[in-house]
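Let's take a walk through a protein together, one stop at a time. Have the sequence and the 3D view ready, and follow along as we go.

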Amino acid sequence: MSTWKATACANANIALIKYWGNRDDGLRLPVTNSISFNLDGASTTTTVEFAEGQSGDQVTLDGVAAHGAAAQRITAQLDLLRARTGTKWATRVVSRNNFPMAAGIASSASGFAALTCAAAWALALDLSERELSCLARRGSGSAARSVPGGFVEWYASERDEDSFAESIAPPEHWPLHDLVAIVSQGEKPVGSTEGHQRAQTSPLFQARIAQVEADLPLMRCAIGDRDFHTLGALAERDTLMMHAVMLTSQPSLLYWTAETLAVMRAVRAWRNDGLACYFSIDAGPNVHVLTTQQASSTILQALQALPAVQAVLACNVGGGARRTDEHLF
Ligand code: PMV
């Protein structure tokens, strides 16, 4: 039996100016640009093998066979890659995260970036980073940002082929730290695909769009100048504006728990005491604490001492998706 096989590893990312709301839900074309950095401590490794004569894609995620909507979403993504070559071969996919899935750490970002790159490389498709980023976006919007390395901007566009992410500074530009305070390991009740569809129902949606457009150039400058307090203040406010949109959507989305709020309050108290830290929260209850290399160990200990926090995942700024020969099967 003939097979084509490749393995890719991709990092999750944390958005500093976030993506919330599409102009085209089917193509996952966002309403605004977004800016993030990759997280070297939170990655997905995925092996994809196309095999002649196999019937149907067989997908295993963290040791569990995927079925239903999750399996269909992966097959739809593989279909985009198959369409590029005309092959009908089905796949075996094995994927492993080194962090809890669906807990507000963007597992769909690293997952769809790794899946897309592994499939493209298995098929020997000669695709640029830009094309891989566009394709990864079709699986999960934020996955577009996990293809390039370091600090990344994803461009909004009306055209599929123009909405891609690219690096705006390499990982070594600035050793920022993201300490992810895990307060819940459970699955979130409403995923981001549905969340994006609700965004425009919020009366605050347009106000946030206007703020994002004003903040994007300021965030680019803060990264360029390594200005931590400007970056942190912009990121924290953008988190609150995105959650204000979520809270006021119809139906309303409330991702925070009492533990989320406890960490948010602690971060503000530490900041008032002079520590360099700001919070960022995605579509889940866990809290990303953005901090500097100098303050990182103090904040890590303080987070570990909070009763609300189950575990802390310490991440530095990571690179882009890469190919590896260490196949998972
Ligand atoms: O890629 P999605 O559809 O899971 O959307 C991600 C949305 C947020 O994580 C909440 C924000 C972002 O920009 O990553």
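How far does a polar side-chain atom of Ser142 lie from an oxygen atom of the ligand? The distance is 2.6 Å. Keep in mind that you are looking at a predicted model, so every distance here is computed from that model.

Ser142 has company. A polar side-chain atom of Arg145 sits 2.8 Å from an oxygen atom of the ligand, and one of Ser192 sits 2.5 Å from a ligand oxygen atom. Now picture the ligand by itself: it would expose 380 Å², and the protein buries 96% of that. Around the ligand there are 14 residues, and those that come nearest are Tyr19, Ser140, Ser142, Arg145 and Ser192. Sorted by character, this shell holds five nonpolar residues, six polar ones and three charged ones.

Next, turn to the nonpolar cores. The largest nonpolar core is made of 48 residues, and Phe37, Met219, Val263, Val289 and Leu303 have the most contacts inside it. Try clicking on Leu303: leaving aside residues up to four places away in sequence, Leu303 touches Leu179, Ala181, Val263, Trp270, Val289, Val309 and Val312. Another core lies apart from this one, with 33 residues that include Val59, Val93, Trp121 and Ala136.

Our last stop is the cysteines. A disulfide is a covalent bond between the sulfur atoms of two cysteines. How many disulfides does a search of the whole structure find? The search finds zero. Why does Cys117 not form one? Its closest cysteine sulfur is in Cys9, and because the two sulfurs are 10 Å apart, they are too far for a bond. Cys134 tells a similar story: its closest cysteine sulfur is in Cys117, 12 Å away, which is too far for a bond. Are these two cysteines buried or exposed? Cys117 is buried, with a relative accessible area of 1%, and Cys134 is buried too, at 9%.

How values were computed:
Residues are numbered from 1 along each chain as its sequence is written. This is a predicted model: local features need pLDDT of at least 70, side-chain atom pairs count only at pLDDT 80 or more; totals for chains, interfaces and linings use all residues. Side-chain values use heavy atoms; hydrogens and water are left out. A residue is near a molecule or strand if one of its heavy atoms lies within 4 Å of it. A polar contact is a pair of N or O atoms within 3.5 Å; within protein, one must be able to donate a hydrogen and the other to accept it, and residues adjacent in sequence count only if both atoms are side-chain atoms. Accessible areas come from the Shrake-Rupley method with a 1.4 Å probe; for residues, only the protein chains shown count as cover. Ala, Val, Leu, Ile, Met, Phe, Trp, Tyr, Cys and Pro count as nonpolar, Asp, Glu, Lys and Arg as charged, and the others, Gly among them, as polar. A nonpolar core is a set of buried Ala, Val, Leu, Ile, Met, Phe, Trp, Tyr and Cys residues joined through side-chain atoms within 4.5 Å. Buried means under 20% relative accessible area, exposed over 50%, partly exposed in between (1.4 Å probe, protein chains only). Contact means heavy atoms within 4.5 Å. A disulfide is a pair of cysteine sulfur atoms within 2.5 Å.
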